[in-house]
Amino acid sequence: MWGLDIGNYNNTETSLSYADEYILTTGEEFAKTIASLGSDFDAVISSHNLEHCNYPMETLNAMCSCLKPGGKLYLAFPSEASVLFPCRTGALNFYQDDTHIYLPVLRDIMKKLIRDNKMNVDFVDGSYKPFPMHQIAKFINWFIGDGHHIFFAWHHFLVLYLSNSQDKER
């Protein structure tokens with residue numbers, strides 16, 4: 001498994017130990033760094049980083065380009081409704097996080113993934129409750145089997161599971 005981020009936020013030695021390789025880049029270079037990884041990944045997991053990206057659509061393109069045919073993409077990001085959540089300690093109002101620079105709109109994300117990147121939607125859930133990333137990694141390893149390359153982009157949510165079309169031209 002690989003990890004990629006623009007900062008070493010709240011990572012512990014334990015969380016970093018899950019990554020075979022951990023890459024720190026800049027917000028400006030995030031999409032380009034992802035694209036440079038090649039197309040050898042069985043899965044890409046993006047949990048709450050899209051809303052922090054300088055170039056979110058380019059980042060989506062780069063994530064899709066990393067996948068092998070039949071590869072899986074997992075996305076989690078704040079819902080559009082999160083702008084209406086109350087502002088208080090522990091709340092999930094989109095604007096309470098000053099590092100949020102892009103509010104993902106499901107319609108735009110789906111259009112980019114389906115039309116432009118030939119992805120198939122396997123699952124969508126608008127009321128996802130997150131659990132630890134290592135549990136996701138264990139699930140993905142169980143789902144696709146051990147020995148596959150998995151790429152993590154670290155960083156009340158919409159969740160999308162998609163798969164890369166088998167006949168997608170690269």
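A crossover is right-handed if, with the strands pointing away from the viewer, the path from the first strand over the helix to the second runs clockwise. The views below are taken from a predicted model.

**View 1. β3, helix α3 and β4 form a right-handed β-α-β unit.** Strand β3 covers residues 41-47 and strand β4 covers residues 67-78, while the helix linking them in this unit, α3, spans residues 56-65. The two strands run parallel and are joined by 6 bridges. In one of these pairings, Val44 has Leu73 of β4 as its bridge partner. Strand β3 is mostly covered, with 7 of its 7 residues buried.

**View 2. Lys68 and Asp42 are shown with their C-alpha atoms 5.8 Å apart.** Along the chain these two residues are separated by 26 residues. Lys68 belongs to strand β4. Its relative accessible area is 27%, so Lys68 is partly exposed; the buried class ends at 20%.

**View 3. The largest nonpolar core of the chain contains 23 residues.** The residues with the most contacts inside this core are Ile34, Leu50, Leu73, Leu75, Ile109, Leu113 and Met119. At least two core residues come from each of α2 (30-35), β3, α3, β4 and α4 (106-116). In soluble globular proteins, nonpolar side chains tend to be buried together. Leu73, listed among the core residues with the most contacts, is also the bridge partner of Val44.

**View 4. Thr33 is a buried residue of helix α2.** The relative accessibility of Thr33 is 15%, and Thr33 therefore counts as buried. Leaving aside residues up to four places away in sequence, Thr33 touches Leu4, Ile23 and Thr25.

**View 5. His48 has a positive phi in the loop between β3 and α3.** The phi of His48 is about 55°, although this residue is not a glycine. With a relative accessible area of 13%, His48 is buried. The strand that precedes this loop, β3, is mostly covered.

**View 6. Lys118 has a positive phi in the loop between α4 and β5.** Lys118 is not a glycine, yet its phi is about 55°. The strand at the other end of the loop from α4 is β5, residues 119-128. Lys118 counts as partly exposed, at 45% relative accessibility.

**View 7. Residues 151-156 have pLDDT under 50 throughout.** For this segment the model has 40 contacts beyond four places in sequence. Where pLDDT is low, the predicted coordinates should not be read in detail. Over the chain, pLDDT averages 79, and 75% of the residues score at least 70.

**View 8. The whole chain is included for orientation and has 5 helices and 7 strands.** From the N terminus on, these elements follow the order β-α-β-α-β-α-β-α-β-α-β-β. The chain has 170 residues, and 45% of them count as buried. Its accessible surface comes to about 8,900 Å², with 55% belonging to carbon and sulfur atoms.

Methods. Residues are numbered from 1 along each chain as its sequence is written. This is a predicted model: local features need pLDDT of at least 70, side-chain atom pairs count only at pLDDT 80 or more; totals for chains, interfaces and linings use all residues. Side-chain values use heavy atoms; hydrogens and water are left out. Helices (H or I, at least four residues) and strands (E, at least two) are DSSP runs, numbered from the N terminus. Buried means under 20% relative accessible area, exposed over 50%, partly exposed in between (1.4 Å probe, protein chains only). Accessible areas come from the Shrake-Rupley method with a 1.4 Å probe; for residues, only the protein chains shown count as cover. Two strands pair if DSSP finds at least two bridges between them. pLDDT is the predictor's confidence in each residue, from 0 to 100. Contact means heavy atoms within 4.5 Å. A nonpolar core is a set of buried Ala, Val, Leu, Ile, Met, Phe, Trp, Tyr and Cys residues joined through side-chain atoms within 4.5 Å.
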